[in-house]
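Welcome! Please take a moment to look over the sequence and the structure below, and then we can walk through some of the details together.

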Amino acid sequence: MAGRWLALLWAPGFICVALILETASGTGDPSTKAHGHIQFSAGSVNQIAMADCRAVCGLNTSDRCDFVRRNPDCRSEAGYLDYLEGIFCYFSPNLLPLAITLYVFWLLYLFLILGVTAAKFFCPNLSAISTNLKLSHNVAGVTFLAFGNGAPDIFSALVAFSDPRTAGLAIGALFGAGVLVTTVVAGGITILHPFMAASRPFLRDIAFYMVAVFLTFTALYLGRITLAWALGYLGLYMFYVVTVIICTWVYQRQRSRSLVHSISETPELLSESEEDQMSSNTNSYDYGDEYRPLLLGQETTVQILIQALNPLDYRKWRTQSISWRVLKVVKLPVEFLLLFTVPVVDPDKDDRNWKRPLNCLQLVISPLVLVLTLQSGVYGIYEIGGLLPVWAVVVIVGTALASVTFFATSNREAPRLHWLFAFLGFLTSALWINAAATEVVNILRSLGVVFRLSNTVLGLTLLAWGNSIGDAFSDFTLARQGYPRMAFSACFGGIIFNILVGVGLGCLLQIVRSHAAEVKGFRLSKAYGLYLLLFYVCFLVVVLLTEFGVIHLKKV
């Protein structure tokens, strides 16, 4: 029975993938901005311009740099680096493989930045916000914490939707991640730990995901997403949140009536309310091991600052494997930069992670990062009245606020308003994620120009893989620890959020920005897991065959 439901679940997804690949084949990306709506049809002016940019590899080597610099469709409207200019103007044609290799390594490092920022800074601050706002675990699990898990996907989608030429990258990435998570990740979970699935949450999540896929299929078939359609995506997710809360409340009420005596709860019993566990297990980060104080006794302000900025636990370093050490060395620059710029509030610690000297510095540094990363720093360099740039005003105000905070607080006890740092950390980490996602989108678009690949197939593969790595490892870890239901539920809950909010919010912002009107249980065995892995392989084969013209669809 589960196989029938999942066959219905994935069939529309394959049709959607075929549609977006067919519209993207040949000239360029399927997503363009047309009169009063976001268009997914081929043959528009934007697609022709994009095709001209892709034609750069067919020009003489001496003309490529000038072509890239003069053609506006070869330039990115956001981001800090011009990757196409770097390839064709700063590397000779003989060094093109070297340039591509460097870009791929930089792309992998950007994915690492996205993962570290989301796991260690974005999600903990979201958890602290939900705790201080006294939200229930159910509400927090399907709102704040779902946003934390899907942050890389959502920000990548928002960045891609901001440019009509790369909107197909967002559609492809969201669908690619959905198919990847519901096949490879879900299949891996059932292989690692076969289990009896809870029928009601399982069917609920599948039903909502089918509706989300069907909405996107209809939008692709019609060739546009209107304002009402974008709002419908967001409204459906709000309805999903309400449904989760009501279902959990009904389940707990029925269980409380049926229980005559207390029953010791096992991990699998607890997982019946999978949202509670998701919010308390998959989104919390233990800072005690990694940032354990190295000095004992009374600490000076300087010692507190040094310890707070140290991302390495030397005692843990000596007990770990070589591969862990290598990865840690690679992450050290990112973790140090984020520790310096992003405050983190941890309600589970006695001092709530209050580090007086560092937090006071972050009152200056974090707002500065905000203005220098928002819209790639455009607002930060804007001069107020022709006198002072915005970043200078932010530094002055931040310094004054930091001075007052430093002299009005102590090292031993967190101030009463320390929880406000969670909001500052949330905003700062969100903009760091957005900045990294912007560079990811720009690199992928550049690789698409070089290899003459559509943005859609890049989204279905590279971007979807990169954004899903963190979810895969966390879900596999939960399965090994004996929580397969929770991990399996996270697969579907996450992609529902990503598709509905990613497409809905992305299209809504683009429409507003452009002033347009449109744009009993199931036994899951190892054999089922292997089936899911095979299903994903078939999916990739269809994607690649359609991309390279082996499979053609008749246009309606």
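Is Asp351 buried, partly exposed or exposed? Asp351 has a relative accessibility of 24%, so it counts as partly exposed. Keep in mind as you read that this is a predicted model.

## Salt bridges

Asp351 has a charged partner: it forms a salt bridge with Lys355, and the closest N and O atoms of the two are 3.9 Å apart. Lys355 is partly exposed as well, since its relative accessibility is 22%. Elsewhere, Lys120, Lys328, Lys331 and Glu335 are joined into one network by salt bridges that share partners. In total, the structure holds seven salt bridges.

Helix H3, which covers residues 61–70, contains another pair. Here the side chains of Arg70 and Asp66 meet in a salt bridge, with 2.8 Å from N to O. Because these two residues are four apart in the helix, about one helical turn separates them. Arg70 counts as exposed at 63% relative accessibility, whereas Asp66 is partly exposed at 39%.

## Two links between H3 and H4

What does Arg69 of helix H3 pair with? Its salt-bridge partner is Glu85, and their closest N and O atoms are 3.2 Å apart. Glu85 sits in helix H4 (residues 83–90), so this pair links distant parts of the chain, 16 residues apart. The surroundings of the two ends can be told apart by their accessibility: Glu85 is buried, with a relative accessible area of 19%, while Arg69 is partly exposed at 42%.

A covalent link can be found here too. The structure holds one disulfide, and it joins Cys65 to Cys89 with an S to S distance of 2.0 Å. The link is right-handed, with 105 degrees about the S-S bond. Since Cys65 lies in helix H3 and Cys89 in helix H4, the disulfide ties together parts that are 24 residues apart in sequence. Cys65 is buried, with a relative accessible area of 17%.

Two other cysteines are worth finding on the model. Cys360 is buried, at 5% relative accessible area, but Cys538 is partly exposed, at 41%.

## The nonpolar core

In soluble globular proteins, nonpolar side chains tend to be buried together. In this model, the largest nonpolar core has 117 residues. Those with the most contacts inside it are Phe88, Phe161, Ile189, Tyr237, Val440 and Val503.

Which helix gives the most to this core? That is helix H20 (residues 420–451), which contributes 16 residues.

## A kinked helix

Let us finish with helix H18, which runs over residues 356–373. With 18 residues at 1.5 Å a residue, the helix should span 26 Å, and its end C-alpha atoms are 25 Å apart, which agrees. There is nevertheless a kink of about 35 degrees in H18, and it is centred on Gln362.

How many of the 18 residues of H18 are buried? The number is 16, so the helix is mostly covered. Just after H18, you can look for Gln375, which takes a positive phi of about 50 degrees.

Terms used
Residues numbered from 1 in each chain as written. Predicted model: local features only at pLDDT ≥ 70, side-chain atom pairs only at ≥ 80, totals over all residues. Heavy atoms only, no water. Salt bridge = Lys/Arg side-chain N within 4 Å of Asp/Glu carboxyl O. Buried < 20%, exposed > 50% of the residue type's maximum accessible area, 1.4 Å probe, protein only. Disulfide = S-S within 2.5 Å. Core = buried A, V, L, I, M, F, W, Y, C linked by side-chain atoms within 4.5 Å. Expected span 1.5 Å × (residues − 1). Bend = angle between axes of the 7 residues up to and from the residue.
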